[in-house]
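Me: I am new to this structure and would like a close look at a single part, the aromatic rings. Please describe how they are arranged and where a pair of them lies.

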Amino acid sequence: MLPPRYDWQGFGFDTRQVHAGEIDEPGHGARITPVYLTAAYRFDSFAQAEARFTGADDGQLYSRNLNPTHQVAERRIASLEGGAGAIVVGSGQAAITAVLLGLAGAGERIVSTASIYSGTRILFDRTFARLGVSSDYVRDARDEAEWDAAIGPDTKAIFIETIPNPKNDLVDVVAVGRIARRHGIPLIVDNTVATPYLIRPLELGADVVIHSSTKFLSGHGAALSGAIVDGGRFDWAGSSRAFPGLTDPGAGGKPSYVEAYGERALEAYLRFGIVNDLGAALSPMNSFLLQQGIETLSLRMERHLANAAAVAEWLDAHPAVESVDFAGLPDNPFHDIARARFGGHAGSVFAFTVRGGRDAAEAFVDALQVFSRMTNIGDVRSMALHPATTTHVSFPAEERERLGIGDGLIRLSIGIETVADLIADLSQGLDAATRRVGG
């Protein structure tokens, strides 16, 4: 048996983000989860060593797949997302890689929305492609016919983001979940930008949730981490598509992961198989820092969301701004999804286009003082970036155009600072942009 969830079932979100997953520390009664900085663990006996290597005993073996510090973070994240279990790994990219390569192999395919984070697109089109796993992209996530056309007999998973970065073109998890079930394939959802505070995809039809927990779950920008949450509901054995890693018997006549672990089969398969084999281990110190961040998630998200809405409304009325990609605005084409699935919110990562193209964008970015010029999102600090020359610089010009990544587009990640200070900084930045282009 895998360790129990310690999910504090029945308690509120704020309570669970502080307490879920904890167990008593018997040595000294430490209130905070200890950092277990150990690569491996002693066995009580010859027999115990054998049992752990054969899987008869799921206790600690090696920190590449199981660490007591990690287990607290894993149980807490699973509780907040409503999953059967979770795994923490070295980064969000590691989480995506582990899940999708665990489901799709050479000669098989995945299908994804096209406007996902640029680093994920690069992962799919470069590394996955070299391994023989092909990716198909849907441009309009609302178009069921486009999804149906993209999904073939060798498609093993659908991948979406709840709030894509940077265009804030929200995806309706419920609608895509119906498509996934119709085709008998799992729906994998990256919930990094929204977090379980805003939306819980497993409750809406998703099968697996992924986080770059470097971002909002941690919030402090001090450490990389990623998380995988197994919803525990997908019928791997009953699917019309083959998932041999989960359903085939193990070596030496061992039962399959589905037979041995039931609703937590994917978690076990990834933990003891894919994640262990790829070596995508998280440092226990980073796991500790992740836990520290999660404790204040709801408080931070309240401010992130409020600040983002105020900044977007201000930008939308500014004469130097051509457009604002923020689904919380009433005239945004994704506002109906924001109302129906996100409580009217749209996260705090979005883009706007400054008039004057690249020259204006450069002047704007260089003038910022409160906003940090940097990659990353989901920090307590506000950040700004020019996607066309950074995150999307390797994309062909025609693909950038199709994705709406123009020369004047600026991505913002709105932090928790005083909103008047953020607006003042944006204002002087836009003044600089206007002067640069002679407005």
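Reply: Rings of Phe, Tyr and Trp (for Trp, its six-membered ring) count as a pair if their centres lie within 6.5 Å; planes under 30 degrees apart are called stacked, those over 60 edge-to-face, and the rest tilted. By this rule, the count comes to 13 aromatic pairs. One of them is formed by Phe43 and Phe53, which meet edge-to-face at 6.4 Å centre to centre, with 70° between the planes. This pair links distant parts of the chain, 10 residues apart: Phe43 belongs to the loop between α1 (13–19) and α2 (46–54), and Phe53 to helix α2. Helices here are DSSP runs (H or I, at least four residues), as strands are (E, at least two), numbered from the N terminus.

The model is a predicted one, in which local features need pLDDT of at least 70 and side-chain atom pairs count only at pLDDT 80 or more, while totals for chains, interfaces and linings use all residues. Residues are numbered from 1 along each chain as its sequence is written, and side-chain values use heavy atoms, leaving out hydrogens and water.

As to accessibility, buried means under 20% relative accessible area, exposed over 50%, and partly exposed in between (1.4 Å probe, protein chains only). Phe43, with a relative accessible area of 31%, is therefore partly exposed, whereas Phe53 counts as exposed at 61%.

Elsewhere, Tyr257, Tyr261, Tyr269 and Phe272 form one aromatic cluster. Rings also meet charges: a charge sits over a ring if NZ of Lys or CZ of Arg is within 6 Å of the ring centre and within 35 degrees of the ring normal. The charged end of Arg121 lies over the ring of Tyr137, 4.1 Å from its centre, and that of Lys156 over the ring of Phe243, at 4.8 Å from the centre.
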